[in-house]
Amino acid sequence: MTSTWPSLWPISNATYVSVEQLIDDLPKTSVLYTLPAFDSIFRDLPADLITRDVYHHQVNNVIKINEEDMLEYSSSDSGSEYMEIPHCHFVGMLPFAFDSPWSANISSASIELAQAMALGIQHLNTGDSSLVSSLGDLRESSCSDMIFTMEYADPGNDPGEAIDKVLEIIGRRDGHKKPCSFLASTRSELTMPAALLSGNKGFMELSSSSTSTLLDSVSQYPYFARTVPNDRDNIKPIMDYFGKEIELEYLALIHMNEPYGNSVGEALLRERENIIQEREKSSNAPVIRRFSIDSTGTAMDATLRALENSQFTFIIAAMPTMHFYHKLMETAYDMGLVGNIGGAGYYQWYFTDSFWAPASSMKLSPKLAIAYNGTGMFTPSAGRLENETSYNGFVQELGKLDKSSEDMNYISALIPQNRNHLEQSPENLYQGEKTNNDEFFGIQYDAEDADYFDAAYMYDATIALGMSACRAIGHNKAFNAADQFSNLTEGLRFRGATGEVTFNNKGTRTYESTFYELVNYVTEDVVDENTGKNFVGLKIHTTNIYRNGSWIDVDQSFIYSNGETKKPNALRERRESDSSGLAKKMKITALILSVLSIISAISFGIWTWCHRFTRVIQASQPFFLYLVVFGVIMVGGSIIPFCMDDTQFSFDAMNKACSAVLWLLFPGFSIIFSALFTKTYRINLM
């Protein structure tokens, strides 16, 4: 039984001997012309024409298409009447309704990610080498017959919800939408359980944004890869900037107790230790003090109070979402820890790559407008100002796609719409405290500074996933996730929208192949052309670029929170009300008492040994006296590591000190009282 093509196929009398000819004859009425075409064809295919060898963990479909009538709806003994086309269906796990203060509905950033993924699949289908030059050669060789399709899925804001979504997708039994591989652009907290499940179920997942170092564990996440470096590598340019570029001596780190924040915190402190180990005495390793906020963000005021007491004025914050960045900066404003509020001295804030601002104006509270003035953000970029990547060409292609109503309608139809939190009203989203005035605070990009970095990384992730599938496909037109992953880690390299993309043996992109930027946020007065009203605009511009292991200055200097280009002091002068002087005196007193107790215990131990044969000492039982002396030495010694400060000692030293307190104090206390109780018990028996 045969069937005619959908209406977009005016080619029913043609004979096709290759996928290349099939694609060439498609009506090119839009940028993404292959995607809706193959969707409409595969949608009506009978299940017996879509095969997959589950026993050998095959992840791609093999679809039978008749060379003359294009679709074969019945089994045939004649192998020459149809061709077998390998088909790979990508599932994009995109945060369409993630916790965003910028949009009440679907986030604009996720729309850009969806566009980038669709553009990448279109280029994989057609072998378009305008952005990735090696794609054309690959399409003409091992990938000449492969067809790619896609869909979008929203993993939600909860790890359990992400797991449920993955289970639903991999549980499909029939049809062309059985997953081949997963693409993701979610925070690490959501990626980790999803990648754990998909990997152990035999599917590869490639992320364009998850940076947690924990994802490097091949045993837990066997087929996980990413086109961004991990947090450990992303920290290296940041430490180079603080240590070499501005020669910072003191740095405070604020993060939340969740996977992303913990990963950044551990990486920052480890990198400092690496710098110290490489140089006997280096000025390139600032003293770092770490401040952690609970995972719900309810104790921000207590954490910021500890920051204030530390005297540190340079702070780098790593929050999981913009909601918590807003909450953090507004609380800091209330406490006078941004800019020069209340005469407390200037505080200089920096943010990691989880900070995100849109390419259009937005409403912010007056507090946040002041709090974000003079701040900076470190982010992996695409080398757009160096002209060493295909980024500018990618932006042009994305612009064409955005202007195509047919393509945008196709993408919009694929976006999940049945989520309750997509219907939230703007007032339910956190945008800072509400104000009763008509002031408008906005974010404005310079035209040349508007970025699509996240979208560019998603495009490269799509290309990398497709190229690994093409390299993995065998003579039987089938492959599994293990083949795909090994082909990605063993020599896959291409020049994409974000530069030269290379992976290490764990599937993580190397930081040497990544560009980074330091972005500066500065307020300025702006007049709205439509209403004529004045508002405070937050201007965004790039001040430094990191490439080939060093930072390069751009034309515009970094403007600090004090409005100057000269670096402020890294330590704030203590206020008269500070209790640090008293704390220092107490620490000295404690150390003196510790030394005295240890010396006294040793002295009494020596005296006991010297008089061990006297009647009084024999009656007191020297063995128990020695135990008491040893226990007192341990308890007294526990005071020394307890007085150590992370502003004076390294991360490893502080870890050892914390362990030493436990192993000295509690065993020592137990030894003292066990000796006393045992002796008392023996006396009672007598």
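These are legends for a set of close-up views of a predicted model.

**View 1. The whole chain, before zooming in.** Count along this predicted model and you get 20 helices and 18 strands in the protein chain. The chain has 686 residues, and 53% of them count as buried. Take the contacts between residues at least 6 apart in sequence: 72% of these join residues at least 24 apart. The accessible surface adds up to about 30,600 Å², with 52% of that belonging to carbon and sulfur atoms.

**View 2. The one disulfide of the structure, between cysteine 88 and cysteine 180.** Here the two sulfur atoms sit 2.1 Å apart. The angle about the S-S bond is -85°, making the link of cysteine 88 and cysteine 180 left-handed. This pair links distant parts of the chain, 92 residues apart. Cysteine 88 belongs to strand β3 (residues 82–93), while cysteine 180 is in the loop between α5 (159–170) and β5 (181–184). As a reminder of what is being drawn, a disulfide is a covalent bond between the sulfur atoms of two cysteines. Are the two partners buried or exposed? Cysteine 88 has a relative accessible area of 0%, so it is buried. Cysteine 180 is buried too, again with a relative accessible area of 0%.

**View 3. Two other cysteines, at positions 610 and 658.** Cysteine 610 comes out at 48% relative accessibility, so it counts as partly exposed. Cysteine 658 is also partly exposed, with a relative accessible area of 49%.

**View 4. Strand β10, enclosed by the rest of the structure.** β10 runs over residues 314–318, and five of its five residues are buried, so the strand is largely enclosed by the rest of the structure. In a regular strand the side chains alternate between the two faces of the sheet. Look along β10 and you'll find Phe314, Ile316 and Ala318 pointing one way, with Ile315 and Ala317 pointing the other way. Residues on either side are buried.

**View 5. The strands that pair with β10: β8 and β11.** Strand β8 (residues 250–256) pairs with β10 in the parallel sense, over four bridges. Strand β11 (residues 348–351) also runs parallel to β10, and four bridges join the two. Isoleucine 316 is a handy landmark in this view: leucine 253 stands opposite it, and so does tyrosine 350 in β11.

**View 6. A stacked aromatic pair, phenylalanine 314 and tyrosine 350.** There are 31 aromatic pairs in the count. In this one the ring centres are 6.3 Å apart and the planes meet at 20°; angles under 30 degrees count as stacked, so phenylalanine 314 and tyrosine 350 make a stacked pair. Phenylalanine 314 lies in strand β10 and tyrosine 350 in strand β11, so the pair ties together parts that are 36 residues apart in sequence. Phenylalanine 314 is buried, with a relative accessible area of 0%. Tyrosine 350 likewise counts as buried, at 0% relative accessibility.

**View 7. An edge-to-face pair, phenylalanine 355 and tyrosine 521.** The rings of phenylalanine 355 and tyrosine 521 are 5.4 Å centre to centre, with 75° between the planes. Phenylalanine 355 is in the loop between β11 and α11 (366–371), and tyrosine 521 is in strand β16 (residues 515–527). That puts the partners 166 residues apart, so to speak linking distant parts of the chain. Both phenylalanine 355 and tyrosine 521 are buried.

**View 8. One aromatic cluster.** Pull back from the stacked pair and Phe314 and Tyr350 turn up again, among the members of one aromatic cluster. Tyr241, Phe242, Phe378, Tyr516, Tyr546, Trp551, Phe558 and Tyr560 also belong to this cluster.

**View 9. Histidine 57 and its surroundings.** Histidine 57 is in the loop between β1 (50–51) and β2 (61–66). What does histidine 57 touch, not counting residues up to four places away in sequence? Its contacts are Phe479, Asn480 and Ala481. Glycine 202 is 145 residues apart from histidine 57 in sequence, with 6.7 Å from C-alpha to C-alpha. Histidine 57 has a relative accessible area of 56%, so it is exposed.

**View 10. Spans annotated as "transmembrane region".** The label comes from an unreviewed UniProt entry, and it covers residues 588–610, 622–640 and 660–678. Residues 622–640 are 95% helix and 0% strand, with the end C-alpha atoms 28 Å apart. Residues 660–678 are 100% helix and 0% strand, and here the end C-alpha atoms lie 27 Å apart.

Notes
Residues numbered from 1 in each chain as written. Predicted model: local features only at pLDDT ≥ 70, side-chain atom pairs only at ≥ 80, totals over all residues. Heavy atoms only, no water. Disulfide = S-S within 2.5 Å. Buried < 20%, exposed > 50% of the residue type's maximum accessible area, 1.4 Å probe, protein only. Contact = heavy atoms within 4.5 Å. Areas by Shrake-Rupley, 256 points an atom, 1.4 Å probe, with all protein chains shown as cover. Pairing = 2+ DSSP bridges. UniProt positions renumbered as here; feature names shortened; annotations may be inferred. Phe/Tyr/Trp six-rings, centres within 6.5 Å; stacked < 30°, edge-to-face > 60°.
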